[in-house]
Amino acid sequence: MSFFTSSFNYKAWSLFSIFFFLFSYISFSQDISSSIDSTSIKIGEQITFHIQVETDSTDLVVFPEGQTFMPLEMIESYKVDTTKKDARFQLIKKYGLTQFDSGNYTIPRQKILIGDKTFFTDSLKVLVNNIVVDTTKQGLYNIKPLIEVEKSAGNWWKTLLIIIAFIVLVGGLLYWFLWRKKPLTEAEEIALLPPYERAKLALRKLDESHYLENSEIKEYYSELTFAIRRYIDEKVYDRALESTTDELISRLNLLKEGNKIDISKETLKNLESIFKRADLVKFAKSAPDVELAKLDRNTIDLEIDHVKEVLPEPTEEEKLLNQQYKEAQERKKKRRKVILTSVAAVLVVIAIFVGFGIKYGFGYVTDTLLGNDSKELLEGSWVRSEYGVPPIDISTPQVLKRDNPSAPEDVKTKLNTTAFTSGILQDNMYINVSTTTFQNQGQDAEKKEVDLAKVAAESITDLEKKGVTDIFVKQEKFSTPNGAEGLKTFGTLKIPMLHSEDFTEANYVLLQFASDNKDVLQQILLTWSTDDSYAEKISERIINSIELKKVNQ
């Protein structure tokens, strides 16, 4: 009895739990609804898609974002409108949708996340109508002729102007601070004077000073003795400036006795007298009379002339050595300028390279400077043309050349293939566009369905016969911009290199399309090196340009 009761209670509890779960699910599912303000619009007209959610304040609600409404296009996503209803929140999310082609469309179910649960809205039907034009009221005009449009110059000239301005700025700085012949300062002009003229100029400047008027005897005698000592240091004894009075006079006497310089005893006596008087002024703070100081100045002026008179004339060898020294100094200065200019030029080139590298990428800048075949193809003038019948309209970096594929005679009677190629399989970029027409035997012959997957497998086998190995195959449906549907086979492979046993890694894409009447197969094969980023962009651009046209188009 107790077992029956417990069993009954267990069953009742289970039914109650299931009922409670279904009730809660149904009640919760009723909190989400979707609608559109119109089920019929004109081409390009906007409709508003509403999603309404009622939920607790603690639940996080995530509405769909992006182009999830295909085939309709979302042109605007409005902010969520939130209102409080009793103890719950009501969230309303709106989207602006449109379509630019007529037809019947279905807005797919939209996924909404509430907390950790996922819910979907209902799918909705929309009719997009053509815009009817009344030709009796609307005037018709002839088609206007084609107008050539000049290709935009782009912004390269701005970059060029920046580079030129930068180079001019650096060149101007180098000229101003390095190559420009600068005006000499007074000290530099004095330093370029010969020793005799420099000594005479020092005495004239001493006359213009106000040492004596200001009783600055020490400074006066310092300048006076420095003028004659520097002259003697440069022309007679190269340690005159650092020698004491006794050492200098003793040295001059030795030079006189050794017949090195024919200086008179009176000159030596006058110099010794003035030097010792100057020592007393500087070290013993003696203060001779102003008139005596002026007399000493005139004496020094005469003794400079006497020393100049007794100096031997420089020999031709000394003159040559002096000229060579000056020329060597000039070459040293010029070499220094050339080195600094070269370093500055290298730094400018490095700065320009780094600047463009940061903006465009160092690999791109390097390829631009050194040249890259794939980059030139990508940035060159592309050609858009039609190949085969029915036409394959495609844009390529270069015009494809007709190729005559070989086939057995028995095969030629059943099909006809025309092919157009660019490059060879071993190139960084290889393009092959082919159209195969099947020859039906008789008008009533049954047309078989073209199995694109099987044809793709046969194409892979053909590649293997050419030595291609390690072919990795992936497949998916593919649609061209004008709506033609086909099969895309893609992946990686290894291509044998010419005149070598090595292989190179490459990507490939094989696009295949079968005509509605099952008698035409169109194929586009692309292969490109895996380490060539430019070839990757070329392949994307080619694939995105493919359009299939009918014969009468």
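Helices here are DSSP runs (H or I) of at least four residues, numbered from the N terminus. With that in hand, we can place residues such as Val354, which is found in helix H9. Please keep in mind throughout that this is a predicted model.

**A nonpolar patch on the surface**

Let's stay with Val354 for a moment. Is this residue buried, partly exposed or exposed? Val354 has a relative accessible area of 35%, so it counts as partly exposed, because that class covers values between 20% and 50%. Val354 also belongs to a nonpolar patch on the surface, together with Ile339, Val343, Val346, Leu347, Ile350, Ile358 and Phe362. Taken together, the patch residues have about 720 Å² of accessible area. Which helix gives the most to the patch? That is helix H9, spanning residues 316-360, with seven residues.

**Salt bridges**

Now to the charged side chains. Side chains of opposite charge can pair when their charged atoms come close. How many salt bridges does the structure hold? There are 13. Here are three pairs, with the distance from N to O:

| Pair | N to O distance |
|---|---|
| Lys276 and Glu272 | 3.1 Å |
| Glu379 and Lys375 | 2.9 Å |
| Arg384 and Asp393 | 2.8 Å |

The pair Lys276 and Glu272 sits within helix H7 (residues 265-283), where the two are four residues apart, about one turn of the helix. Lys276 has 39% relative accessibility and counts as partly exposed. Glu272 is partly exposed too, at 27%.

Glu379 and Lys375 have a similar arrangement in their own helix: both lie in H11 (residues 373-379), four residues apart, or about one turn. How does the cover of these two side chains compare? Glu379, at 40% relative accessibility, is partly exposed, whereas Lys375, at 7%, is buried. Lys375 is placed in that class because its value falls under the 20% cut-off.

Arg384 and Asp393 meet in a salt bridge as well. Arg384 is partly exposed, with a relative accessible area of 41%, while Asp393 counts as buried at 7%. Elsewhere, salt bridges that share partners join several residues into one network: Lys200, Asp207, Arg297, Asp301 and Asp305.

**Drawing it together**

If you have the structure open, helix H9 is a handy place to begin, as the helix that gives the most to the nonpolar patch. From there you could turn to helix H7 for Lys276 and Glu272, and then to helix H11 for Glu379 and Lys375.

Conventions
Residues are numbered from 1 along each chain as its sequence is written. This is a predicted model: local features need pLDDT of at least 70, side-chain atom pairs count only at pLDDT 80 or more; totals for chains, interfaces and linings use all residues. Side-chain values use heavy atoms; hydrogens and water are left out. A salt bridge is a side-chain nitrogen of Lys or Arg within 4 Å of a carboxyl oxygen of Asp or Glu. Buried means under 20% relative accessible area, exposed over 50%, partly exposed in between (1.4 Å probe, protein chains only). Patches are made of residues with over 30% relative accessible area and no salt bridge: like charges are joined within 9 Å, nonpolar side chains (Val, Leu, Ile, Met, Phe, Trp, Tyr) within 5 Å. Accessible areas come from the Shrake-Rupley method with a 1.4 Å probe; for residues, only the protein chains shown count as cover.
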